[in-house]
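Let's take a walk through a protein model together, stopping at a few residues along the way. Keep the sequence and the 3D view open as you read.

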Amino acid sequence: MSKPVREMKIRTKDGKRGVVTALIDSGSFYTLIREDCVPGGATVIRYKKSEKMGTAKKTGQIHAVASVDLVMIVEGHPVSDEVRISPDLKREFILGAGTMQKWDISITNKNGHTVI
């Protein structure tokens with residue numbers, strides 16, 4: 001089963017807005033956004049030292065350099081969480097398992113139709 005991809009509206013708590021193409025990925029614990037996809041003017045918390053994270057590839061790594069609090073609209077429902085910012089991310093946005101668990105988001109696939 002391929003992982004679902006959805007267009008998702010995002011906003012900061014102070015009203016900065018954006019739209020990203022989001023991968024819904026229960027294999028990633030963290031929710032991540034590519035640095036160039038953070039809404040302009042958003043308040044971000046820069047890390048003193050980047051945080052290294054592994055990827056699905058054995059030797060793969062990405063770095064988180066900051067975080068931002070976002071409200072994400074997932075299938076019409078507002079979901080808020082801290083999102084790590086990475087310049088290395090190939091996708092625009094990954095909705096990870098940590099956020100999915102907090103908000104009781106699940107993925108089901110029946111006869112080739114994916115429901116979130």
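The paragraphs below start with confidence, then visit several residues, and end at a pocket.

What you are looking at is a predicted model, so it helps to begin with how confident the predictor is, a score called pLDDT that runs from 0 to 100. The protein chain has an average pLDDT of 89, and 94% of its residues reach at least 70. Among the elements of the chain, β3 has the highest mean, 96, while strand β9, residues 113-115, has the lowest, 66. Where pLDDT is low, the predicted coordinates should not be read in detail.

Our first stop is Met 8, which lies in strand β1, residues 5-12. Is Met 8 buried or exposed? Its relative accessible area is 2%, and because anything under 20% counts as buried, Met 8 is buried. Look at what surrounds it: leaving out residues up to four places away in sequence, Met 8 touches Gly 18, Val 19, Val 20, Ala 22, Ile 24, Met 72, Ile 73, Val 74, Phe 93 and Leu 95. One of these partners, Gly 18, is ten residues from Met 8 in sequence, and the two C-alpha atoms are 8.5 Å apart in space.

Next, find the loop between β2 (17-25) and β3 (32-34), where Tyr 30 sits. Ser 28 belongs to the loop between β2 and β3 as well. Ser 28 is buried, with a relative accessible area of 14%, whereas Tyr 30 is partly exposed at 29%. What does the side chain of Ser 28 reach? It comes to 2.9 Å from the backbone oxygen of Tyr 30.

Now follow the contacts of these two residues, setting aside neighbours up to four places away in sequence. Ser 28 is in contact with Ile 94, Gly 96 and Ala 97. Tyr 30 touches Glu 51, Met 53, Arg 84, Ile 94 and Gly 96. Ile 94 and Gly 96 therefore appear in the contacts of both Ser 28 and Tyr 30, given that a contact means heavy atoms within 4.5 Å. Tyr 30 also shows how a chain brings distant parts of its sequence together: Val 83 is 53 residues away from Tyr 30 in sequence, yet their C-alpha atoms are 7.5 Å apart.

Let's turn to the backbone and its phi angle. Most residues other than glycine have a negative phi. Glu 75 is not a glycine, yet it has a positive phi of about 50 degrees. You can find Glu 75 in the loop between β5 (61-74) and β6 (77-86), where it is partly exposed, with a relative accessible area of 41%. Asp 104 also has a positive phi, near 55 degrees. Asp 104 is in the loop between α1 (97-102) and β8 (108-110), and with a relative accessible area of 71% it is exposed.

Our last stop is empty space. Rolling a probe the size of a water molecule over the atoms shows where such space is left. The largest pocket has a volume of about 530 Å³. Which residues are closest to its centre? Of the 20 residues that line this pocket, they are Gly 54, Thr 55, Ala 56, Ile 62 and Ile 94. Ile 94 is thus a familiar name, since Tyr 30 touches it too. Strands β4 (45-54) and β5 each supply at least two residues of the lining. By type, the lining residues divide into eight nonpolar, six polar and six charged.

Technical notes: Residues are numbered from 1 along each chain as its sequence is written. This is a predicted model: local features need pLDDT of at least 70, side-chain atom pairs count only at pLDDT 80 or more; totals for chains, interfaces and linings use all residues. Side-chain values use heavy atoms; hydrogens and water are left out. Helices (H or I, at least four residues) and strands (E, at least two) are DSSP runs, numbered from the N terminus. Buried means under 20% relative accessible area, exposed over 50%, partly exposed in between (1.4 Å probe, protein chains only). A polar contact is a pair of N or O atoms within 3.5 Å; within protein, one must be able to donate a hydrogen and the other to accept it, and residues adjacent in sequence count only if both atoms are side-chain atoms. On a 1 Å grid over the protein atoms alone, a cavity is a set of points where a 1.4 Å probe fits but cannot get out, and a pocket is an open set with protein on both sides within 12 Å along at least five of seven lines; lining residues have an atom within 4 Å of a point. Grid points are joined across faces, edges and corners, and a volume is the space filled by probe spheres set on the points. Ala, Val, Leu, Ile, Met, Phe, Trp, Tyr, Cys and Pro count as nonpolar, Asp, Glu, Lys and Arg as charged, and the others, Gly among them, as polar.
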